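Could you walk me through this model in the viewer, one selection at a time? I would like to know what to click on and what is there.

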Amino acid sequence: MSKIHVTTTVNGDAVEFLCDARETLLDVLRDRLNLTGAKEGCGTGDCGACSVTLDGRLVCSCLVLGAEAEGREIATVEGMANGEELHPLQQKFIEYAALQCGICTPGILVATKALLERNPDPTETEVRYWLAGNLCRCTGYDKIIRAVMDTAADMREAS
Amino acid sequence: MALDEYKPQTGKAMLEGEGRSFKQVGTSPDRPDGVDKVTGRARFGADVTAPGMLHAAIVRSPHAHARILKIDTSAAEALDGVKAVVTRADFATGLTGEMWNILENVMADKTALYDGHAVAAVAATSALIARDAAKLVKVEYEVLPHVTDVDAAMATGAPVIREGAADASVPPGLHPNVVRYHESGRGDVEAGFAEADLVIEDHFRTEATHQGYIEPHACLAQMGGDGKGELWCCTQGHWNVQKICAALLGTEQSALRVTASEIGGGFGGKTTVFIEPVALALSRKTSRPVKLVMSRSEVFRATGPTASTSMDVKVGMKKDGTITAMQGTFRLQGGAFPGAPADMTAMCAFAPYNVANLKQVGYDVMSNRPKQAAYRAPGSPMAAFATESVIDELCNQLGLDPIEVRLKNASREGTRASYGPKFQRIGLVETLEAAKAHPHYSAPLKPGQGRGVSCGFWFNFGGETSVSLALSEDGSAQLMVGTPDIGGSRASMALMAAEELGIPYENVRVTIADTASLGYNEVSHGSRVTYASGLATIQAARDAVRKLCGRAAAKWGIPEDAVKWENGCAVPSGPNAGDFDPLPIAEITASMGATGGPIVGHFEATPEGAGVSFATHIVDAEVDPETGKTAVVRYTVVQDAGKAIHPTYVEGQFQGGAAQGIGWALNEEYIYGEDGRLQNAVFLDYRIPVASDLPMIDTVIVEVPNPGHPYGVRGVGETSICPPLAAIANAVSAAAGVRLHELPMSPPRILEALERQRGG
């Protein structure tokens, strides 16, 4: 079966790959581009562990085909930090112990970054509903919500 | 309750540790693996590859119970890119006991025992080809009658899962599906019930739930024709994986080196193996590395959920709240193998109470479901649901305060536990007092809301533990432990090592060593890691300190016992006090090569002083009588941690257990169709709590030191899931005005109960 040639941008870098028509964007990121930060928790768009942005829009990369990445801009957790300098959300998640096992963390960070870009001053309820598509089994979300609210406040102050 | 309604708590119900003041223990520094985890760099089970790697897929039974007549692999093998197919014939023969059970679960032999049971596996050059090939494996089945319900599986005429599986504990006359029996107690329950002013007996049921870790099982196996192998996998215990895989493949344990990846949640469900022996068998057959990753539906269908239960509990109480007798019958189905924790359910059921007359009976029952696996305090949450519901009902009918009644009957130091031994120092009363004093307990409720409380108990565990601590030339330390870090334990270990050595927390690097690098380490389960690996870390650090003091003594020419260790320095003491300047650790280690060689501290033991643990939870729930939907509006966890090494991660364990309990109580359940197939094997249909379902979860850390640990640590991971089912059921029953007896209390069940009460 012949493969599809795709040219795209991932975290600002120009990227080319060949993929099977059935491969998802998540498969391509993980298996062809070695970007294993996005995780497959379900493969059905229910857990959010594979969250990335596609032209700035938050998506489950397991529900996007690799071939659909043609000409698009993809951002993953690997692109969040600026060199050694962590994104304020990354820093605050560590400080607040907003992760236990850490498997959901990349998806939750990508999702909350997308939230704060749209809404720099969310209420707790808005954060909870925005993150309702990102499952965390360890924390009960308490420390995640606190970390997000506090990061948002810091970022508002800094801007 | 919302975040902005919280005010800082003052006057916490915390007891002082045993007089020791800590410099680092009890603080909450950033975890050592924090940056890896927030940048996507951390390597979990599915995140590694190897040159020449193949991908595998497993063929699974679509039937709940079926004889396997024939497996035709020819079409699969003929597909381009397919390198090997394995069946049961590719595994060891002659196994017995639990090893046979595990093999039978990993790969069916003559009979498929549940929907999702593995029957063959394929390795191919890509994951897509492997999946296509798996569909080409033709299996001929003869479908057999099946049973998935615990009561039905015990009834006369139920299909027999396997003749001869029962052990000697089972009394004669029971169905062959009853494979273990437990009975314990004391006193005379009938006399106790006769003394009571009110006796309530009720029947309760809980459905099976899944641990629901977000990371599916994944591994990368390499095994050559020489029988030597390497395995990378997400597991709670890689020595256990080594032992099981060696047995199932018929090789010696040391031939197989197992490395634990970062683990994306386990909660007990990653304490055994499901796919690792299959990947190894495929690798052995192809002489190539093989990666095997489960899909989510495979995780639901074929890895360990909990047992489901059917329970009867009877409690007698006097008007003043004194409990006179408690009796319980606990029936658990644990899938197609022995091992449902009926004994632990029975032993935990009445542990919080000091009662003279007790009887507890447990039945371990087989059915056509996947082999149950541990899930956080296995058995205890269900037992608490039944017991604490009956106690709540007694309090309601006698007009008594539920915390006062629990305090009146509470187990204390010296109480003979319901399961036999005398309790050493325990903190149940302290958790109840702290709950009573918490503002949550006296806060007003709104219309439609109800409040529930419950206690919970778990044994905790020690287990084989081996730790090594090597000092570097610059005085920093490298700690190797053998217990996979499932919730931030590397931070706790580094804190304890730093405390003993008197060096900064950041100067301790903690590594989870592979099976070739340390002695046997029992699985990360039983809330044992901070207790047992922590104890071993402290002792290994003390061993290193003794050696450091020895080097200083030799340098100064004074006896070793005349040197003490203070703030990271060797200091002369006794008659030699003040004779020499303190010698910092980095000066000793800088010259260690010339003064006797590398300095390494060790500790190997099976510590048995894991202190038991109690918690009290308070929940407010609001029930919508039109839809039957429940909202948990406020939640407070009060639990005895003995000594909180890293308090923020202790809170995290409390909150995580409570959240999982909320899911179990309200939503989560295995739903089987009449065909015996699992109907909700995806997260959309098996709904675990999401952020918008939950309130903030308040925590109070009580510290009643465990005499079995140098700092007083008690494990905290499991007890937090023991009270929620009952506490929520009590809150929902109060809010709805009708007692709920079955979990989950999903909207249809609540509407049914309301309808029944209205006489519908």
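Here is a tour of pockets, aromatic rings, cysteines and cavities in this model, which is predicted.

**Stop 1: the second largest pocket**

Start by selecting Asp27(A), Glu40(A), Ala127(B), Leu128(B) and Arg131(B). Of the 50 residues that line the second largest pocket, these are the closest to its centre. The space in this pocket comes to about 1,400 Å³.

Now colour the elements around the second largest pocket. Chain A brings α1 (25-32), while chain B brings β1 (54-60), α4 (127-136), β12 (290-293) and α9 (296-302), and each of these supplies at least two residues of the lining. Which element gives the most to the lining? Select α4(B), which contributes eight residues. If you colour the lining by class, you will find 23 nonpolar, nine polar and 18 charged residues.

While you have α9 of chain B on screen, show the side chains of Arg296(B) and Phe300(B). The charged end of Arg296(B) sits over the ring of Phe300(B), 5.9 Å from the ring centre.

**Stop 2: a second charge over a ring**

Next, select Lys314(B) and Phe193(B). Here the charged end of Lys314(B) sits over the ring of Phe193(B), and the distance to the ring centre is 4.5 Å.

**Stop 3: aromatic pairs**

Over all chains, the count of aromatic pairs is 19. Pick Tyr375(B) and Trp664(B) to see one that is stacked, with 5.4 Å centre to centre and 15° between the planes. This pair links distant parts of the chain, with the two positions 289 residues apart. Tyr375(B) belongs to the loop between β15 (358-365) and α11 (380-398) of chain B, whereas Trp664(B) belongs to helix α18 (residues 647-666) of chain B. Are these two residues buried or exposed? Both Tyr375(B) and Trp664(B) are buried.

Move on to Tyr670(B) and Tyr672(B). Their rings form a tilted pair, 6.2 Å centre to centre with 45° between the planes. Tyr670(B) counts as buried because its relative accessibility is 2%, and Tyr672(B) also counts as buried, at 15%.

To finish this stop, select Tyr419(B), Phe423(B), Phe457(B), Trp458(B), Phe459(B) and Phe614(B) together. These residues form one aromatic cluster.

**Stop 4: cysteines**

How many disulfides are there over all chains? The count is zero. Try selecting Cys233(B): this residue is in no disulfide, and the nearest cysteine sulfur, that of Cys219(B), is 6.5 Å away. Cys233(B) is buried, with a relative accessible area of 0%.

Cys348(B) is likewise in no disulfide, and the nearest cysteine sulfur belongs to Cys722(B), 6.6 Å away. At 4% relative accessibility, Cys348(B) counts as buried.

**Stop 5: the largest cavity**

For the last stop, turn to the enclosed spaces. There are five cavities of 30 Å³ or more, and the largest cavity holds about 60 Å³ of space. To find the largest cavity, select residues from its lining, among them Ile58(B), Arg60(B), Asn105(B), Val106(B), Tyr114(B) and His117(B). Add Phe274(B), Ile275(B), Met294(B) and Ala302(B), which also line the cavity. The elements that give two or more residues to this lining are β1 and α3 (97-106) of chain B. By class, the lining of the largest cavity has eight nonpolar, three polar and one charged residues.

You may recognise β1 of chain B from the first stop, where this strand also supplied at least two residues of the lining of the second largest pocket.

Note on methods
Residues are numbered from 1 along each chain as its sequence is written. Chains are lettered from A and ligands numbered from 1 in the order in which they are written. This is a predicted model: local features need pLDDT of at least 70, side-chain atom pairs count only at pLDDT 80 or more; totals for chains, interfaces and linings use all residues. Side-chain values use heavy atoms; hydrogens and water are left out. On a 1 Å grid over the protein atoms alone, a cavity is a set of points where a 1.4 Å probe fits but cannot get out, and a pocket is an open set with protein on both sides within 12 Å along at least five of seven lines; lining residues have an atom within 4 Å of a point. Grid points are joined across faces, edges and corners, and a volume is the space filled by probe spheres set on the points. Helices (H or I, at least four residues) and strands (E, at least two) are DSSP runs, numbered from the N terminus. Ala, Val, Leu, Ile, Met, Phe, Trp, Tyr, Cys and Pro count as nonpolar, Asp, Glu, Lys and Arg as charged, and the others, Gly among them, as polar. Rings of Phe, Tyr and Trp (its six-membered ring) pair if their centres lie within 6.5 Å; planes under 30 degrees apart count as stacked, over 60 as edge-to-face and the rest as tilted. Buried means under 20% relative accessible area, exposed over 50%, partly exposed in between (1.4 Å probe, protein chains only). A charge sits over a ring if NZ of Lys or CZ of Arg is within 6 Å of the ring centre and within 35 degrees of the ring normal. A disulfide is a pair of cysteine sulfur atoms within 2.5 Å.
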